[in-house]
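I opened this entry to keep track of what I looked up in one model. Two parts of the fold are covered.

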Amino acid sequence: MTKGIKFEKTCYLYLILSCCITLYCNNLFSKLESIRYIKSSNFLQIWIKNWDGDSATIQNNIEKNFEILSKHFLFHETLPQPLSVIVDGNWKKSSGYWSNQLRAPDNSQALLMTPASILDPNQNLKLFSHELMHLLHYQFRPHEHAWIKEGLALLTEYLVTGYFNSVLEEGFKNPTTSLIHFKNLDEMDFQIQNELSQYGHVLQYFYFLYRLCGPEHLQDVKATKYNERFIEEILKSKSSLAGIEFLDEVLRNTQNTNPVCENFDKSFTAFEVARFKKNIMKPDGYILISSHRASLQASPGFDLPPYSAGAYILPLQQDGCQKNEIPWGERKCIRIRKE
Ligand SMILES: [Zn+2]
């Protein structure tokens, strides 16, 4: 294994120098881990580096997850061929990673995962589906904004596994992050509390759209497939628009009769109110399981970044909510900032 790692480092240098040498290096790389066909027209390649542990389980888990994802409606017959998974024991920044620049040694498109995350039964499929969605989304919509990329990837985790990423809770604990002003994925630290809360915020919003703003409400079980198409539209649309303007277009074309789904602005307002108010009897007020509700601010003196919201209990000396705030019951106010 040590020998293999040495080869690998040398090959990275050579990759820069010459593509002929790259081909030579690839033969050495491929000896580090087997390459297996998943189906005749589709390749999965695994590149393990900086890892001396149990590579058989790693390979098995990746292949198992790849098979599940290949059959999922979001990924079915849309994955690049070949697809490479780089398993890097030295990667510390996050459990998984994807970038448009990331390539396997044979120059195929790749996503990266740590050995620990692949060996974690609660994490591996979620993470694989998340990074794979980033990779696929870029094929269809390279110009899309970071917050939509992230919202879609986080929602994908839920659509594939039925479980939410734990950042969901962070988004309720610290609800005042901006929905749309995301750092580029490359600049993310993945550890800072505010970033985790922001991930939670965008996951909540995309789940809200999925539940309410597809062609049918998900209260009707048969509507699932229509709402899946709605998510596919967000993933695959040929529209040149991006960000808020793109969501406006998608929502307009969907023609959902729910007024909160008419455009981004209306969906954003309804979503932010629902995060605080939580009314499980009313579809627009129902986002997630009933125990979730966003935390309140200690006093009215808080600042909000663009496209965010906060709520507070009225202090005794204050008569009512400020202008542009939404009264909530007798003594609470919801403040929403857009631009
Ligand atoms: Zn992501």
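The notes below take a sheet and then a helix.

**Sheet**

The model is predicted. I looked up the strand order first and found an open sheet of 3 strands, arranged β6-β8-β7, with antiparallel pairing. I then checked the edges: β6 (308-313) and β7 (325-328) each pair on one side only. The average turn between neighbouring strands of this sheet is 20 degrees, with direction ignored.

Next I took the pair formed by β6 and β8. Strand β8 covers residues 332-337, runs antiparallel to β6 and is joined to β6 by 6 bridges. Within this part I noted that Y312 stands opposite C333 in β8.

What lies across β6, β7 and β8? I found helix α11, residues 264-277, in that position. Helix α11 runs at about 145 degrees to β8.

**Helix α6**

I checked the length of α6 (residues 146-161) against its residue count. With 1.5 Å a residue, the 16 residues should span 22 Å; the end C-alpha atoms are 23 Å apart, so the two values agree.

How many of the 16 residues of α6 are buried? I counted 12, and I logged the helix as mostly covered. The buried residues include the run W147, I148, K149, E150, G151, L152, A153, L154, L155, T156 and E157. V160 is also on the buried list for α6.

Last, I looked just past the end of α6, where G162 has a positive phi of about 85 degrees.

Note on methods: Residues are numbered from 1 along each chain as its sequence is written. This is a predicted model: local features need pLDDT of at least 70, side-chain atom pairs count only at pLDDT 80 or more; totals for chains, interfaces and linings use all residues. Two strands pair if DSSP finds at least two bridges between them. Helices (H or I, at least four residues) and strands (E, at least two) are DSSP runs, numbered from the N terminus. Axes are lines fitted to C-alpha atoms, for helices over the stretch in contact, and angles run from 0 to 180 degrees between N-to-C directions. Two residues are in contact if their C-beta atoms, placed from the backbone, lie within 7 Å. The expected span of a helix is 1.5 Å times one less than its number of residues. A residue is buried if 20 or more other C-beta atoms lie within 10 Å of its own, exposed if 12 or fewer, and partly exposed in between; C-beta atoms are placed from the backbone.
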